[in-house]
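Trainee: I have a new structure open and I'd like to learn how to read it. Could you take me through it feature by feature?

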Amino acid sequence: MISIEGVTYSYGDGINALDGIDLEVKNSELLAIVGENGAGKTTLVKHLNGLLKPQRGRVMVEGIDTKETTVATLAKKVGLVFQNPDHMLFAETVEKELSFALTNFGLPPEEIAKRVEWALIEFRLSNYRDRSPFTLSGGEKKRVSLASVLCYDPQIIVLDEPTTGQDSLQKTRLASTLTKLNRQGKTVVVVTHDIEFVADFIPRVVVMSRGKIIADGPTEEILVRKDVMEASSILPPQLAELSWKLGLESPSIKAEIIIEEIKQMLRGGQK
């Protein structure tokens with residue numbers, strides 16, 4: 001479990017990037033954190049693996065106070081995939097990139113080989129095994145950075161803007177991977193501007209604005225709230241906008257629900 005209690009953090013410019021954040025993430029949850037640029041999303045998730053420490057308040061990760069332990073210790077529990085993969089990649093080849101953390105954690109060679117092979121196949125990187133990760137496209141680098149974290153099997157997986165540079169097929173594959181990991185008991189936190197991805201695949205959403213959480217709950221309830229979308233400067237999902245324009249009694253981000261309500265409206269208008 002992740003427990004964030006009254007966390008405040010400032011970069012020294014007089015403005016709180018986080019302003020009294022309270023948030024609880026249960027084990028095996030899959031949730032998204034959304035909000036405009038500067039809302040505090042990345043600052044928040046950097047507190048989960050100890051890269052940042054609360055200036056006020058407390059962050060507990062599986063019973064461990066992040067102020068009282070090291071980033072290296074937390075990294076075994078919390079795998080953070082950065083928004084910019086160039087901030088993570090450094091090895092000569094993709095294969096060495098995937099095996100680095102496993103080697104550092106002291107896994108036996110046969111286990112390392114097994115996990116690296118899984119990651120190469122799962123993220124469609126087999127053809128790039130011996131390539132330098134720096135020669136890959138932005139989307140391919142994203143997949144390498146994600147695979148390098150999932151290789152060492154942390155209990156909590158945090159992804160910052162994972163869909164950037166990915167086409168629709170890659171997004172669907174990513175969603176399938178995250179859903180599968182979540183069903184295996186992993187806690188998955190996704191920071192993203194991709195509202196359609198959230199609407200389609202993520203069951204819980206936390207909305208941030210100016211360092212505060214302004215909404216938290218089931219995605220299908222939160223993303224149809226005009227007040228929340230406007231307050232956070234987020235473009236709503238297309239289906240939510242359609243619901244509003246049609247004047248539906250119960251706006252939705254689910255196509256089947258919208259279609260059924262339209263049918264009811266048409267039946268009600270028949271003489």
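**Reading the model, helix by strand**

Mentor: Let's start with one helix. In α3, which spans residues 94-104, the buried residues are V94, E97, L98, S99, A101 and L102. Keep in mind that this is a predicted model.

Trainee: How should I read a list like that?

Mentor: Here is the general idea. An α-helix has 3.6 residues a turn, so residues three or four places apart point the same way. Now look at the case here: V94, E97, L98, A101 and L102 are among the buried residues of α3.

Trainee: What covers the buried residues of α3?

Mentor: The cover includes α4 (109-122) and α5 (138-150). Past the end of α3 you come to G106, which has a positive phi, near 80°.

Trainee: And what sits just ahead of α3?

Mentor: T93 is in the loop between β6 (78-81) and α3. Is T93 buried or exposed, would you say? T93 has 15% relative accessibility, so it counts as buried. Leaving out residues up to four places away in sequence, T93 touches R129, D130, R131, S132 and P133.

Trainee: You mentioned α5 as part of the cover. Which residue should I look at there?

Mentor: Try K141, which lies in helix α5. Its relative accessible area is 12%, under the 20% cut-off, so K141 is buried. Apart from neighbours within four places in sequence, K141 is in contact with P85, D86, L89, P133, F134 and L136. P133 is also on the list of residues that T93 touches. As for R173, 32 residues from K141 along the chain, the two C-alpha atoms are separated by 16 Å.

Trainee: Let's move on to strands. How do I read a sheet?

Mentor: In a regular strand the side chains alternate between the two faces of the sheet. Beyond that, ask for the order of the strands and their direction. One open sheet here has four strands in the order β2-β1-β4-β5, with antiparallel pairing.

Trainee: Which strands are at the edges of that sheet?

Mentor: β2 (16-25) and β5 (64-65) are the edge strands, each pairing on one side only.

Trainee: How many bridges join β1 to its partners β2 and β4?

Mentor: β1 (residues 2-10) is joined to β4 (residues 56-61) by five bridges, and these two strands run antiparallel. One bridge to find on screen is S3 with its partner M60 in β4. With β2, β1 pairs over six bridges, again in the antiparallel sense. There you can look for I2, whose bridge partner in β2 is V25.

Trainee: What links β1 and β2?

Mentor: They form a hairpin with five residues between them. In the turn, G12 has a positive phi of about 95°.

Trainee: So what should I make of a positive phi?

Mentor: Most residues other than glycine have a negative phi, and most peptide bonds are trans. That makes a positive value in another residue type worth a look. R210 is a case, with phi near 50°. R210 is in the loop between β9 and β10 (212-218), and it is exposed, with a relative accessible area of 71%. S233 has a positive phi too, about 55°, although it is not a glycine. S233 lies in the loop between α9 (226-231) and α10 (238-246) and counts as exposed at 57% relative accessibility.

Trainee: Can we look at a residue in β9 itself?

Mentor: V207 is in strand β9 (residues 204-209). It has 0% relative accessibility and so counts as buried. Outside the residues up to four places away in sequence, V207 touches V34, K212, I213, I214, A215, I222, V228, S232 and I234. V207 and I33 are 174 residues apart in sequence, yet 5.9 Å apart in space, C-alpha to C-alpha.

Trainee: How does the protein look as a whole?

Mentor: Its secondary structure comes to eleven helices and ten strands. The radius of gyration is 20 Å, close to the 18 Å that the globule rule gives for 271 residues, so the protein is as compact as a globular protein of that length. Of those 271 residues, 50% count as buried. Among contacts with a separation of 6 or more, 61% are between residues 24 or more positions apart.

Trainee: And the surface and charges?

Mentor: The protein exposes about 13,200 Å², with 51% of it supplied by carbon and sulfur atoms. There are 33 positive and 37 negative charges, and their mean positions are 1 Å apart.

Technical notes:
Residues numbered from 1 in each chain as written. Predicted model: local features only at pLDDT ≥ 70, side-chain atom pairs only at ≥ 80, totals over all residues. Heavy atoms only, no water. Rg over C-alpha atoms; globule rule 2.2 N^0.38 Å. Buried < 20%, exposed > 50% of the residue type's maximum accessible area, 1.4 Å probe, protein only. Contact = heavy atoms within 4.5 Å. Areas by Shrake-Rupley, 256 points an atom, 1.4 Å probe, with all protein chains shown as cover. Lys, Arg positive; Asp, Glu negative; His and termini not counted. Charge placed at Lys NZ, Arg CZ, Asp CG, Glu CD. Pairing = 2+ DSSP bridges.
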